[in-house]
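Student: Could you take me through a close look at one part of this model, the place where the two chains meet? I would like one connected account, with any related backbone and packing details worked in.

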Amino acid sequence: MNPVIDYHALAPEIVLSVTIILCLLVDLFIPDRPRLVPQLASLGVLAAIIPVLTLAVSGTDVSMFGGAFVVDNYALAFDGLFLVVAYITLLVSFDEIADGDYYGGEYYVLLLTSVLGMVMMASSRDLVSIFIALETISIPTFVLAGWRKHDTKSNEAAIKYFLIGVLSSAVMLYGMSLIFGFANGTKLSVISEYSAGSPPALFAVAIFLTIVGFAFKVSAVPFHFWAPDTYEGAPLPVTAFLSVASKAAGFVALLTIIRFGFFNSSDSWQPLIWVLAAASMTFGNLAALRQTNIVRMLAYSSIAQGGFILVPLAVAGDVSGPSAWEAVLVYLMIYAAMNLGAFAVVMAVSRRTHSTEISSFAGLGRVDSVNAVMLSLFMFSLAGIPPLAGWFAKFVIFRAVFDAGTTAAVVLGVIAALNAVVAFFYYSNVVRRMWFDEAPEVVSSPRPASVALTLAIGITVVVVVVVGVYPEVFARLGQLAFASG
Amino acid sequence: MWGQQVVFWLLAIAMGAAAIGVVRSRDVVHSVLFLVVVLAGAAAQYILLAAEFVAWVQVLIYIGAVVVLFLFGVMLTRSPMGHDSNRLDNDQRWAAGVVALLIFGVLTALLVDAFGGQQINFGPELVAQGSPQAIGSDLFRTFIVPFEVVSMLLLAALVGAVVMARKD
């Protein structure tokens, strides 16, 4: 009795694995062509998008290994998101890695392995697969965060991220092992059946431990303290990857495990996620107000944005339709575009100023008006101002809150609305300094931004503007992803 | 059943004492050796539960590989060896102790509430579940995708370790 394996459904994973091995071999045997590995890596990611598209067109759901690995619209939507984010991360990495006398080939191997974990995560419907996918995402990024080996800040970033990552995995595994003990199976469908009965109090604790593990990964308050230091110390492309791709993968894991596994015991997870969401939004925003470094500000802002993404999950049990799930997907897609864009502009500007302090952005409007316009667009989008994509992300969140309509949901909605106002201050502060302050004297030698970095900024800005004006694009995608569920 | 109960408690007490030794010891090498006792105790518990294969994997991987790796790590890096009471301790030991006791208490109460009074039925079915054949069949049928992805993960971990360790 051999398992039925559909290679078409596994094609994105297979293409990525082959690319990883090719990158290693090319780096080993053709060392005098340093640009070959990055090109190969980005080709591999683009090639992995092709089967995602063909699977989406074919439209049939594939379920393998007794429902442990499922390729449906839900999985494909997130596969697409991860692969596009990976491509943009590669685009912003080229300059930074080539200039900084880093190990080039190994960087791309590790980055792609992390992406492989993400693509697997989207299809996993089983605790073992979800755990392995999460580790495959995290372990390469521990090393990537410390890529600047001679910089003590980068070392600190890697060590903090590693210790917290390992601790959170241990907590999560303990919770998962208890759940396995209760449900007598690791498949989410089995757990869902079990939780429909009347499980004992310990089952709620097991859910609590599992979700706490994920809360570390998505840096939700109060499990966020590693994030600002790690984001600041890691190389900028890695920070962009951590704050977008790795975070999105954590949310996908949370979404999958709640939607397919824990949904019936919403009494256990809804209050927990409610607290995490409210604390993340409030604390993230208040801390972001005080930052003088734009990377640290973006780190706290991403904690706050993570809180917004938790809002629809916190009310999901009371929403009858799929609007809460759709809100998570749509918010993640828009957040990915605007946050990656913001990081790409920060990278382009810091190539000239060699600084990521907010003061070094003063007067950017006169010195480099194109980048100043771009960064203003991303900042206003992150703040949620129409007609940029950010407003639609906020809109889907509030729609889910209204669909739920319970008192807890409304209170959370009010907290979210207040936080959106607070966030406006620090985002607009950056914009104000760029356009109204005098530029400081720049003494350092500028390094021009490459075509790849410009392309990354171009792609993200197009998404932010087009989705802001025609939100139907992402709204339709969200509906398709959850149509059957 | 009495025999199993007695062996379980002997092992559990030994493991608990050794676990305290791991965190109390002032010498890294002693900590690692205490850890061997804990891990071996876990392996023995697996045998009590008729999970032979997992027990031997525990011995081979944790005692055989992980502990030896710890010892090599201590030996090859400039870690503090011998008695150095300040480096392995810090001011938060009492807070940590309280937290540990609290978690122990809560989990014990809840575990007894959830599983107290249940008996494991050691029939041939249970023994067959822990056999290498059953585990191999699960691994290569149900869990083949995670299994293959783990191999990519190990490759990445290897590459990452080389990058971190390489002199430049």
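Tutor: Happy to! Let's begin with a term: a salt bridge here is a side-chain nitrogen of Lys or Arg within 4 Å of a carboxyl oxygen of Asp or Glu. Please keep in mind that this is a predicted model. By that criterion, the count between chain A and chain B is 1 salt bridge, while a search of the whole structure finds 11 over all chains.

The pair in question is Glu106(A) with Arg166(B), whose closest N and O atoms are 3.4 Å apart. That distance falls within the 4 Å cut-off, so the pair counts as a salt bridge. Glu106(A) sits in helix H4 of chain A and Arg166(B) in the segment after helix H7 (144-165) of chain B, so this salt bridge joins two chains. Polar contacts can be counted across the boundary too: there are 3 residue pairs in polar contact between chain A and chain B, with both residues at pLDDT 80 or more.

Which elements of chain A build its side of the boundary? Those that give two or more residues to it are helix H1 (7-29), helix H4 (104-123), helix H5 (127-145), helix H6 (152-183) and helix H8 (201-217). H5(A) gives the most, with 8 residues. By class, the side of chain A that touches chain B has 26 nonpolar, 9 polar and 4 charged residues.

Now for the extent of the interface. In terms of contacts, 39 residues of chain A meet 27 residues of chain B. The two chains bury about 2,900 Å² between them, and 79% of that is on carbon and sulfur atoms. Tyr103(A), Lys149(A) and Leu202(A) supply 18% of the area that chain A buries against chain B, more than any other three residues.

Since H5(A) came up as the top contributor to that side, let's follow this helix into the rest of chain A. H5(A) packs with H10(A) at an angle of about 170°, the axes being 11 Å apart. That angle makes H5(A) roughly antiparallel to H10(A). On the H5(A) side, the residues that meet H10(A) include Leu127(A), Ile130(A) and Ile137(A), and their counterparts in H10(A) include Val238(A), Phe241(A) and Leu242(A). The contact of H5(A) with H10(A) has 11 nonpolar, 3 polar and no charged residues.

H10(A) takes us one helix further. The axes of helix H10 (residues 236-262) and helix H13 (residues 323-353) of chain A come within 9 Å and cross at roughly 170°. Here too the angle makes the arrangement roughly antiparallel, this time of H10(A) to H13(A). The residues of this contact divide into 18 nonpolar, 4 polar and 2 charged.

Finally, two helices from the interface list lead into loops with backbone details to inspect. Most residues other than glycine have a negative phi, and most peptide bonds are trans. After H6, in the loop between H6 and helix H7 (188-196) of chain A, lies Asn184(A), which has a positive phi of about 60° although it is not a glycine. In the loop between H8 and helix H9 (227-233) of chain A you will find Pro222(A), and the peptide bond from Val221(A) to Pro222(A) is cis, with omega near 5°. Another cis peptide bond runs from Pro386(A) to Pro387(A), also with omega near 5°. Pro387(A) is in the loop between helix H15 (369-383) and helix H16 (390-404) of chain A.

Technical notes:
Residues are numbered from 1 along each chain as its sequence is written. Chains are lettered from A and ligands numbered from 1 in the order in which they are written. This is a predicted model: local features need pLDDT of at least 70, side-chain atom pairs count only at pLDDT 80 or more; totals for chains, interfaces and linings use all residues. Side-chain values use heavy atoms; hydrogens and water are left out. Contact means heavy atoms within 4.5 Å. Buried area is the accessible area (1.4 Å probe) that two parts lose on being put together, summed over both. A polar contact is a pair of N or O atoms within 3.5 Å; within protein, one must be able to donate a hydrogen and the other to accept it, and residues adjacent in sequence count only if both atoms are side-chain atoms. Helices (H or I, at least four residues) and strands (E, at least two) are DSSP runs, numbered from the N terminus. Ala, Val, Leu, Ile, Met, Phe, Trp, Tyr, Cys and Pro count as nonpolar, Asp, Glu, Lys and Arg as charged, and the others, Gly among them, as polar. Axes are lines fitted to C-alpha atoms, for helices over the stretch in contact, and angles run from 0 to 180 degrees between N-to-C directions. Angles under 35 degrees count as roughly parallel, over 145 as roughly antiparallel, 65 to 115 as roughly perpendicular and the rest as oblique.
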